[in-house]
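Me: I have a protein structure open and would like to learn how to read it. Could you walk me through a few features?

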Amino acid sequence: MFLNSELFGHQRGASNKGYKKIKYGTMVLSTQNLHLGNANVNLRFKNGMVSPAYKTYDITGCSIELLAHWIKSDAAKHFFYNATTVGASMCRRNVEWKTLYEQPLFLPSTDEQDKIASFLSFLTQRIDAQQKYVATLKKYKRGLSDELFGEKGPGERWMTVPFSEAFDLLQNNTFSRDEMSTENGIAYNIHYGDVLIKYGAVVDLSKSKVPYIRSDVSLSKFARSSYLRNGDIVIADTAEDYTVGKAVEIVGVADTKALSGLHTIPCRPKISFASMYLGYFINSKRFRTQILPLVQGTKVSSISKSEIQKTSIAFPSFEVQSQIASVLYALDHRIDICQACVHGLVRTKEALLQQLFI
C-alpha cells in the first residue's frame, strides 16, 4: 500500500481564519523536519484546530491505533526521511509530498492490524505505568532524603564541621572527551558531564561504565595521592543550570586507577565517614541550600574551590550514617531496576514497530 488516497482520505478543511479542523483519528503532519517526529494522530480529543501550516488527513485505509503507534517510531522517522530534501539550511528538511505519497507501506490484513494495535497499546500502557512508578519512587526518595538529612534528622545529636576541616582538595585533570576511550585505557576518568547527567550519588568503579583516559595520554604530572580512593568525593563545579555542585562518591576502586576530570573538585575526607554517606549528604537539600547562594555566573553556573569551602558538613554517629546510606542506596538500586524495565519495554516496542512495517 502507498501513502496516497488508498490510505488517507481527503485533507481536512480549513476554518474561515485558516486554521484546520481536526477530529478524533485525524493525522497531522508538519511540512518541515517531518523526519524528526513532527507528526501525530489525534487520539485524545473529539474535535480540535491546528495551524494551517500543517497537513491534516483522515485515515481510511488502515487501523488508526496502529498508525498512531508507528508514526512516532524510529521506523517512521526513517520512512519520512526518505521523502525529504534539504531546505533553506542544512538543519531543515522539507517534505517532497509526491515522493512521500509514493512511498510503499506494507500492511497486514485489517484483522491483524487490530490485533497488533491492541498489543502495542498494552505495551504502551505498561510503559506508562512503569514510568509513573519510577517517578513515584524518585519522589519518595527525595522526601525521605529531606527527612533523613533535615535539621532534626534521626533522633540523635549531629556534628557539624567546616568543609575545609572535613576534606582535603585533590588535583583534577583537564582532559577533553577526545582524550577518553570507552574501550580501554590507563585510568578511569570522572568527567563533570557524567557527574551531572549519568551518575547517581555513588559510582562503583567495579560495576559502572566509566570512560578511560587513553593510553597515549601522559599522566606523569599526577602524584599518587591524586588518584581517587574509596570514599573520595567528586563535585561538578560547572553546569548550565541549578545542578552545579552535584557530586558522586567513589567506591569499588580496588586495584583500578581513576582521576577526577575536567570541571570537577575532587575531595578526600579527613574524617572517617560511613561508606556512601557523603555521596548522599552532599546531594541532599540540606547541603545544596548552602551551595546555591555561592554559585556564580548567568548563562553558565559555577562554584569555585574557595566558595565551596564556606559550606559545612553535618553528620550523626557512624552507625546512623551507615543506616542512612544503606536505605537510600537500596532505593537507588530499586529505581535503577525499574528504569531498566522501562528501557527494555521501550526497546521491545520500537523493535516490533521496526519489523512490522518493512
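**Reading strands and helices**

Reply: Happy to! Let's begin with one pair of residues: isoleucine 233 stands opposite cysteine 267 in strand β19. Keep in mind that this is a predicted model.

Me: Which strands do those two residues bring together, and how do they run?

Reply: Strand β15 covers residues 233-236, and 4 bridges join it to β19, with the two running antiparallel. Strand β19 itself spans residues 264-269.

Me: What does β19 pair with besides β15?

Reply: Strand β10 (residues 167-169) also pairs with β19, in the antiparallel sense over 3 bridges. To find a spot on your screen, look for aspartate 168, whose bridge partner in β19 is arginine 268.

Me: Is β19 mostly covered or mostly open?

Reply: A general idea helps when you look at any strand: in a regular one, the side chains alternate between the two faces of the sheet. As for β19, the strand is mostly covered, with 5 of its 6 residues buried.

Me: In what order do the strands of the sheet lie?

Reply: The order is β10-β19-β15-β17-β13, an open sheet of 5 strands with mixed pairing. At the edges are β10 and β13 (202-204), each of which pairs on one side only. From one strand to the next, the twist averages 30 degrees.

Me: Where is the parallel pairing?

Reply: Look at β13 and strand β17 (residues 247-251), which pair in the parallel sense over 3 bridges. There, valine 202 has glutamate 249 of β17 as its bridge partner.

Me: Now the helices. How do I describe two that pack together?

Reply: Two packed helices are described by the angle between their axes and the distance between the axes. Take helix α4 (residues 110-148) and helix α10 (residues 318-356): their axes come within 10 Å and cross at roughly 160 degrees. That angle makes α4 roughly antiparallel to α10, since angles over 145 degrees count that way. The crossing of α4 and α10 is left-handed.

Me: What kinds of residues make up the contact of α4 with α10?

Reply: They divide into 24 nonpolar, 6 polar and 6 charged.

Me: Could we zoom in on leucine 353? Is it buried or exposed?

Reply: Leucine 353 is found in helix α10. This leucine is buried, because its relative accessible area is 1% and the cut-off for buried is under 20%.

Me: Which residues does leucine 353 touch, leaving out those up to four places away in sequence?

Reply: Leucine 353 touches His69, Trp70, Ser73, Ala75 and Leu120. Try finding each of them on your screen!

Technical notes. Residues numbered from 1 in each chain as written. Predicted model: local features only at pLDDT ≥ 70, side-chain atom pairs only at ≥ 80, totals over all residues. Heavy atoms only, no water. Axes fitted to C-alpha atoms, helices over the stretch in contact; angles between N-to-C directions. Helix = DSSP H or I, 4+ residues; strand = E, 2+ residues; numbered from the N terminus. Parallel < 35°, antiparallel > 145°, perpendicular 65-115°, else oblique. Left-handed = near helix turned anticlockwise from the far one by under 90°. Nonpolar A, V, L, I, M, F, W, Y, C, P; charged D, E, K, R; others polar. Buried < 20%, exposed > 50% of the residue type's maximum accessible area, 1.4 Å probe, protein only. Pairing = 2+ DSSP bridges. Contact = heavy atoms within 4.5 Å.
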